[in-house]
Amino acid sequence: MKTPRKPKREKKEKRTQAPVEAPYVPPKPKKIVRSSPGKIIDIFDGMTLAELAKRTGEGIDILQDILSNIGEQVSLEFQPITMDVAELIAMELGIDVKRVHLEKGAKVETRPAVVTVMGHVDHGKTSLLDSLRQTSVAAKEAGGITQHLGAFVVNMSSGASLTFLDTPGHAAFSAMRARGAAVTDIVVLVVAADDGVMPQTREAMAHAQAANVPIVVAINKCDKPNADPQKVRIQLCSEGLALEEMGGDVQVVEISATKNIGLDKLEEALLLQAEIMDLKARIDGDAHAYVVEARVDRGHGPLATAIVRSGTLVPGLHIVVGAEWGRIRVLRDMSGQPVPSVGPSMPVEIEGLRGLPLAGDEIMVVSSEERARKLSNGRKIRLEQERLRKQSEEKVVMPEDVDEKVEMVEMTLIVKADVQGTVQAVTDTLKSLNSSQVLVNIVHTGVGAISQADVDLAQACGALIVGFNIRNMPSSVDAAARQAKINIRLHRVIYHLLEDVGNLIVSMAPGICETQVAGEAQILNIFELKGRSKAKGDDAKIAGCRVIDGRISKTARLRVLRSGEMVFEGNCQSLKREKQDVEAVGKGNECGLIIQEYDGFQIGDVIQCLELVNRKPKFVSSESGAVRIEC
């Protein structure tokens, strides 16, 4: 059988002409997703894609493209989506969201009231809570003042339970008081009967009114001989608080926390207020909570203290807390014991987070680890963008009327504290000490003891390490810090920390050189000195003066005034008293002086002695605890 012959390969002709150009078809323009800074939309579970498109102002096709990019599939525009998916879409569009938790169809039950105790420093807030729960927290506080935001449940004598938040009263902890008012139902405003309304009392009232939270006034220390509760009532009325006795709705109770006087009346007032408010919350479904404090534990890692607002929190759930995420390993009550679940209005300590959240962050439950990662990464990007924007805006503005150029130095700080809320409070207060001469630059903040990494960073950038209420650092870290000559300041009382750093700022400030009048002399007579040798110079006029204020110095510049106006300014050539050369002449003494290149003296002229002085800024601390640097 013959095999078929292969066809001969035909040679292709070489092209001698240029290829024909195909017509250019431009690609279809893709809509650019633009960021909308400052725009905030409400999102909720079960909202449709069409409703989200209406709120964001973008087309449904744009939202579907975003969904495909982030790995989510929603084919129909009226298909319900979760709050997590809605937030991921909003992140891509550069829009901030506010989560709205709907309670339609949910199981709702009465919940205990969350009560925040607020007031001025040292007015007896912690002592009041100690009396209510029969403990002694105040004795353990450094300096006798609260420097944390504590949460705990108090079982009242009537059988009812209330969740209390104890807020610091010092001026530096304003942000903590604002957070306490934001998560609470009732504010107990503690005012000392022997001290009256003070700055932090007014600030606490402002926080409560801004959060639209009812106030119950507790006038403490009524057992003291100089107590004047009626005066406190008048002061509160003058601040705009409508007391019940004056026809308003604010209850007032006179108490003594140390002698347990009036605590039963305070309990009745709180329970009555809670009953009027008819507090209820959803107990089924995913939990909604807020962080009130966060810290790092050596054995357990990042821990967050939270108040549950609605739903039930159980171990094993994936959660996103601000820009951090994690899976709940253990839930602990305020006594440190593990609990299987936590309901509304209950404080709880959460273990299992990957990073340390910020106090005030919202806690939300998500369906999977992947979604938790996506939300966390997106929020971290937004936070970094916001941080960079604020950093570019934070500039020390120099006054326009300052003629001379003021030299500025930088104080670099590393701040470490025991809990996250305290870190924020201390950082904000230290930044307020910025001045036109010293810029406070905080390069790093952290929770926990000072580590070797902190020492290395301080050595690299020449920073001062400020530790507040932290445990002693390991001996190896201490030795490394000493060897590197790192300045470390440890404090347990906020007053001492602010005063110490404030004095350091004052010592670092270069100061401003100013011309000051060191003394004045009046011309009583004029003497002419003629016939001097060539070595001593030409003829000269001597002003015979009496020093009427301060002192006249030979090395200083002199200014001649006539009828209040300056005639001449120059250096002193000669200064004598009783024919003897002297360096200075004090008040009440007479002298004779010669000013270089000037001989136009007249009797009655005033000669001022000018001295250059370096004026340093001052560290000022008010009675309320607020601090500032005055230049």
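Two strands are said to pair if DSSP finds at least two bridges between them. The views below show a predicted model.

**View 1. The whole chain contains 13 helices and 30 strands.** Of its 631 residues, 45% count as buried. The exposed area of the chain is about 33900 Å², and carbon and sulfur atoms supply 49% of this area. Among contacts with a separation of 6 or more, 71% are made by residues 24 or more positions apart.

**View 2. Strand β13 is joined to strand β16 by four bridges.** The two strands run antiparallel, and β16 covers residues 362-366. Within this pair, I319 stands opposite V365 of β16. In general, strands of a sheet pair through backbone hydrogen bonds, in either a parallel or an antiparallel arrangement.

**View 3. Strand β13 also pairs with strand β14, and a hairpin connects the two.** Strand β14 comprises residues 324-332, and its pairing with β13 is antiparallel over four bridges. The bridge partner of H318 in β14 is R327. Two residues lie between the strands of this hairpin, in which G322 takes a positive phi near 60°.

**View 4. The side chains of β13 point two ways.** In a regular strand, side chains alternate between the two faces of the sheet. In β13 (residues 318-321), H318 and V320 point one way, whereas I319 and V321 point the other way. H318, I319, V320 and V321 are all buried.

**View 5. Six strands, β13 among them, close into a barrel.** The order of the strands is β11-β12-β15-β14-β13-β16, and the pairing is antiparallel. Neighbouring strands of this sheet are turned against each other by 50° on average, direction ignored.

**View 6. Within the barrel, strand β11 pairs with β12 and with β16.** Strand β11 (residues 288-297) and β12 are antiparallel and share nine bridges. A hairpin of three residues joins β11 to β12. The pairing of β11 with β16 is likewise antiparallel, over three bridges. Residue Y290 takes part in both pairings: Y290 stands opposite I307 in β12, and the bridge partner of Y290 in β16 is E362.

**View 7. Strand β12 pairs with strand β15 in the antiparallel sense.** Strand β12 spans residues 301-310 and β15 spans residues 347-353, with five bridges between them. A304 has I350 of β15 as its bridge partner.

**View 8. An open sheet is formed by four strands in the order β18-β17-β19-β20.** The pairing in this sheet is parallel. Strands β18 (438-447) and β20 (488-491) lie at the edges, and each pairs on one side only. From one strand to the next, the twist averages 20°. Strand β17, residues 409-417, pairs with β18 in the parallel sense over nine bridges. V415 stands opposite T445 in β18.

**View 9. Helices α10 and α13 pack at an angle of about 35°.** Helix α10 consists of residues 420-431 and α13 of residues 494-508, and their axes are 11 Å apart. The crossing of these two helices is right-handed. Helix α10 contributes V426, T429 and L430 to the contact, while α13 contributes I494, L497, L498 and V501. These contact residues divide into six nonpolar, one polar and no charged. As a general feature, an α-helix has 3.6 residues a turn, so residues three or four places apart point the same way.

**View 10. Helix α3 is mostly covered.** Of the 11 residues in this helix (residues 83-93), 10 are buried. The buried residues are M83, D84, V85, A86, E87, L88, I89, A90, M91 and L93. Just after α3, G94 takes a positive phi of about 75°.

**View 11. Residue L165 is found in strand β6.** This strand covers residues 161-166. L165 counts as buried because its relative accessibility is 0%, and buried means under 20% relative accessible area. The C-alpha atoms of L165 and V153 are separated by 9.0 Å, and these residues are 12 apart along the chain.

Key
Residues numbered from 1 in each chain as written. Predicted model: local features only at pLDDT ≥ 70, side-chain atom pairs only at ≥ 80, totals over all residues. Heavy atoms only, no water. Axes fitted to C-alpha atoms, helices over the stretch in contact; angles between N-to-C directions. Left-handed = near helix turned anticlockwise from the far one by under 90°. Contact = heavy atoms within 4.5 Å. Nonpolar A, V, L, I, M, F, W, Y, C, P; charged D, E, K, R; others polar. Buried < 20%, exposed > 50% of the residue type's maximum accessible area, 1.4 Å probe, protein only. Areas by Shrake-Rupley, 256 points an atom, 1.4 Å probe, with all protein chains shown as cover.
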